[in-house]
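Subject: Structure for you to look at

Hello,

Here is the structure I said I would pass on. Please open it first, then read the notes below.

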There are 2 protein chains.
Amino acid sequence: MAKRIAIAGATGAVGTLVRQMLEDRNFPYETITFLASKRSAGSTIEFKGETHTIKLLEPDAFNDIDIVIGSTPDDVAAMFVPWAVERGCIVVDESGYHRMLDHVPLVVPEVNADAIADHKGIIASPNCSTTQMVVAMKPIHDAAKIKRVIVSTYQATSGAGVKGQQDLTDGSRAFLEEKEHDYQAFSHPIAFNVIPQIGSHKADGYTSEELKMVYETRKIFGDDSIQVCPTCVRVPVSNCHSETILLETERPVSPEEARKLFEDAEGITVVDDLDGGIYPMPNNSDDLDDVFVGRIRKDISCENGLTFWCVSDNLRKGAATNAVQIAELLVSDKYSACGTSN
Amino acid sequence: MAKRIAIAGATGAVGTLVRQMLEDRNFPYETITFLASKRSAGSTIEFKGETHTIKLLEPDAFNDIDIVIGSTPDDVAAMFVPWAVERGCIVVDESGYHRMLDHVPLVVPEVNADAIADHKGIIASPNCSTTQMVVAMKPIHDAAKIKRVIVSTYQATSGAGVKGQQDLTDGSRAFLEEKEHDYQAFSHPIAFNVIPQIGSHKADGYTSEELKMVYETRKIFGDDSIQVCPTCVRVPVSNCHSETILLETERPVSPEEARKLFEDAEGITVVDDLDGGIYPMPNNSDDLDDVFVGRIRKDISCENGLTFWCVSDNLRKGAATNAVQIAELLVSDKYSACGTSN
C-alpha cells in the first residue's frame, strides 16, 4: 500500500543512499518529503526526474506523513522521532538512540522481520557491524543454535561518516607527500595505521561499538543466552566492513553444511574459493546490498566451532538497505495495517 | 665469548636490520662477514665505521665462520644452511625451511631459550605472526596454562618484503590519482583494501601462514595440547603486525592479574588506557623491539577467557631482533660451548 514517505537526514551520506535506493527499487509512495537541518533546508534535489525542495526538520514537518526513514545521528533522532511518533508516523530509525528500548523492535528483515508487527511507532535498524554479522549468523543459528560468537572487525572509515572517508584520503595523501594532516574524525592517524578503538569506553574494557555487537545481537535473535566477544578495529579502508567470525554451536556444523546453509539464506552470497584466491574483500563488496561470506572452515580449536570471513557495505546493508527493506515491509500487505495511527 | 660471525642475506630488508642491530647492541665478534647473492656480492657496506665488501653466498664462504644469521627466503636457506652446517657453523635461520624439523629447535628467547642447547647446528626463528603471539602468551601460559587461542591478524605489507611495502605506497598513490597500479607482491590490490589470505591454501581451508601459527606455537611451548584457530589478514599498513588474541586458560585470569603478568614479563610492554585513547598501534610500535599489549579485558563470552590486542614490529621482533637475541645467547657464557664444532 502506497504511503506518504519522508526521509529525515536526506542529504547525509546514508540519506543520499536511501534516496537512491528508493528510486532504484521503485519504492511505492503517495508523496515523498525530504527533511534536513537548517544547513540543507531550502536547497533542492532531483528524485525520479522531479525537483524537490528540502524541508526543515521541525515538528510540523511530520503532519501529513505515514512512514519516516531516519538517517540522522543519535542526538537528532532523539529530537525528531518523538515529533513524528506524536503525529502518528512510523519511524524507521537508523540511529543508535532507540535500539535498546524495550518497546522498540530492532529489525534485520532476513533475521526477525516478524518483530516489526510489535512496533509502537518506532522500528530501529541495528549498528552496521551487528547487521552483517546477524545476517551471517541466522542460517547457522536456525540449524544448530549458536551459543558463542568471537568476532574481530576490520571497519571502514565511512562508518565515521563523510569526514572519516575524507580523513583517510587526505591523511594518506599527506603521508605520501611527507606532510602533516590534522585528523577530523579520528583521534589517531588512520592512514597506513589501524586503530583498535571504535566508540568510547563503555564498560569492563569494551567500547560502545563492541557492546552494541553483544546486546543488539541478543535482542535481534531474542536470545540472551548468545555469548559474544567482540573486538572492533578501524582499518584504512574507505567503505565496507570486514569481520572474522567464529561461531560455537550446540552441535557441530561442517563447512560443507555451512556453505549450503549460507547459499540458501536470504541476503547472503558465498564467495569462497581459497585455491583460486577468491573471497570477499572491501574492493569487491562495495556498493552491493548483500552480506558476503568466504573462508568458510572448521574451527580447528573446538569440536563445535565454525569460522569464516564476512564483508558487507556498511553504508548499504549496514544502514540504508536495511532501513529501506524495513520500510518495504511496512508498505507490504502483511504489515501495512500495523501503523499506530491506522 | 666472541665468535666469527656471518650474515647471510645481509642486504635484504631484514638483513639490513640485523646489521644495524648488531651495531647498536654492540654484539661481540672476532670477525664479521656479510654474504649475499650474486646481485649484491662485490658491493660494499659500512659497519662500525669500516667498509666491508659483501662476499658471495657459496659453500666455502663458511670455512672460517662460527655463527651464521640467515635472513634469506626459504629456497636460499635450503641451499646454504647445509653448506654452513657441514663446515661446523651454527646457523640461526629466520626462514621457514627448517622450523618444523624434529632436530631443529624453534626458539623465541623469552619463551624457550633453553631449547637452544639441543641444537644440531641449526636453530630456527619462528614466523613473525607467531613470534609476537607466543611472547604475549608466555606469562599467561606459565600462570594458568593456555588451552585454546583464537587469533585474527592485521598484518603489514613489510611481511611480503620490500616489494610489499612498495606495492602499498605505489598502489595508494595510484589509487588517489585514479590511476592503475600493477601489484607485484599481492594478487589483489592492497591499497585501501584488506586481503584475507596470507600464504597458500595448505589444508582444510587454512593458509600456510595460519597453520604456521598453529604448529609453531605448539613446538615453541612443547605442548601439542594447545589449540589454535587463526585467521591471517593483510591490511594496508607498511610495517608492524597487529593481532586480536583470545586465550582460554585452565583457570580464570582476571584482567588485573594479566596486566601484572604482562608487565613483569620479558619483552612485553603494556600500553593500555582505553579512557585515554592509549593502546599499541602500528604507528607507535614501529622500529621498536618489544611486543606491545593493550585492550586487556575479560572475554565476556567465556568464564576462563582473556582477550587483548597485540602489536609488534614484524621486521624486528618478528625477524631480526629474535635472530640477534638467539645469536647473543649463543655467544653468552651459558651456550658458547654448544656449537657442533666446538
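A salt bridge here is a side-chain nitrogen of Lys or Arg within 4 Å of a carboxyl oxygen of Asp or Glu. By that rule there are 40 salt bridges over all chains. Please keep in mind that this is a predicted model.

Three of the pairs are described here, starting with A:Arg87 and A:Asp60. Their closest N and O atoms are 3.1 Å apart. A:Arg87 sits in the loop between α2 (74-86) and β7 (90-93) of chain A, and A:Asp60 in the loop between β5 (55-56) and β6 (67-70) of chain A, so this salt bridge ties together parts that are 27 residues apart in sequence. With a relative accessibility of 28%, A:Arg87 counts as partly exposed, because that class lies between the limits of 20% for buried and 50% for exposed.

Next, A:Arg99 and A:Glu216 form a salt bridge, 3.0 Å from N to O. This pair links distant parts of the chain, 117 residues apart: A:Arg99 is in the loop between β7 and α3 (109-112) of chain A, while A:Glu216 is in helix α6 (residues 208-221) of chain A. Both A:Arg99 and A:Glu216 are buried.

The third pair is A:Glu248 with A:Arg148, again a salt bridge, at 3.0 Å from N to O. Here strand β13 (residues 241-249) of chain A holds A:Glu248 and strand β9 (residues 146-154) of chain A holds A:Arg148, and the two residues are 100 residues apart. A:Glu248 and A:Arg148 are both buried. Through shared partners, salt bridges join A:Arg148, A:Glu248, A:Asp299, B:Arg148, B:Glu248 and B:Asp299 into one network.

That brings in the second chain. How does chain A relate to chain B? A turn of 180° with a shift of 0.0 Å along the axis lays chain A on chain B with an RMSD of 0.0 Å. This is the relation of a two-fold axis. Of the interface residues of chain A, 98% are also interface residues in chain B, so the copies meet through the same surface.

Last, a sheet in chain A. This open sheet has six strands in the order β5-β2-β1-β6-β7-β8, with parallel pairing. Its edge strands are β5 and β8 (122-124) of chain A, each pairing on one side only. Within the sheet, strand β1 (residues 3-8) of chain A pairs with β6(A) over four bridges in the parallel sense, and A:Ala6 stands opposite A:Val68 in β6(A). Helix α1 (residues 13-24) of chain A packs on the sheet and touches β1, β2 (29-36) and β6 of chain A. The direction of helix α1 makes about 150° with that of β1(A).

Regards

How values were computed. Residues are numbered from 1 along each chain as its sequence is written. Chains are lettered from A and ligands numbered from 1 in the order in which they are written. This is a predicted model: local features need pLDDT of at least 70, side-chain atom pairs count only at pLDDT 80 or more; totals for chains, interfaces and linings use all residues. Side-chain values use heavy atoms; hydrogens and water are left out. Copies are superposed by least squares on the C-alpha atoms of residues with pLDDT of at least 70 in both. Contact means heavy atoms within 4.5 Å. Buried means under 20% relative accessible area, exposed over 50%, partly exposed in between (1.4 Å probe, protein chains only). Two strands pair if DSSP finds at least two bridges between them. Axes are lines fitted to C-alpha atoms, for helices over the stretch in contact, and angles run from 0 to 180 degrees between N-to-C directions.
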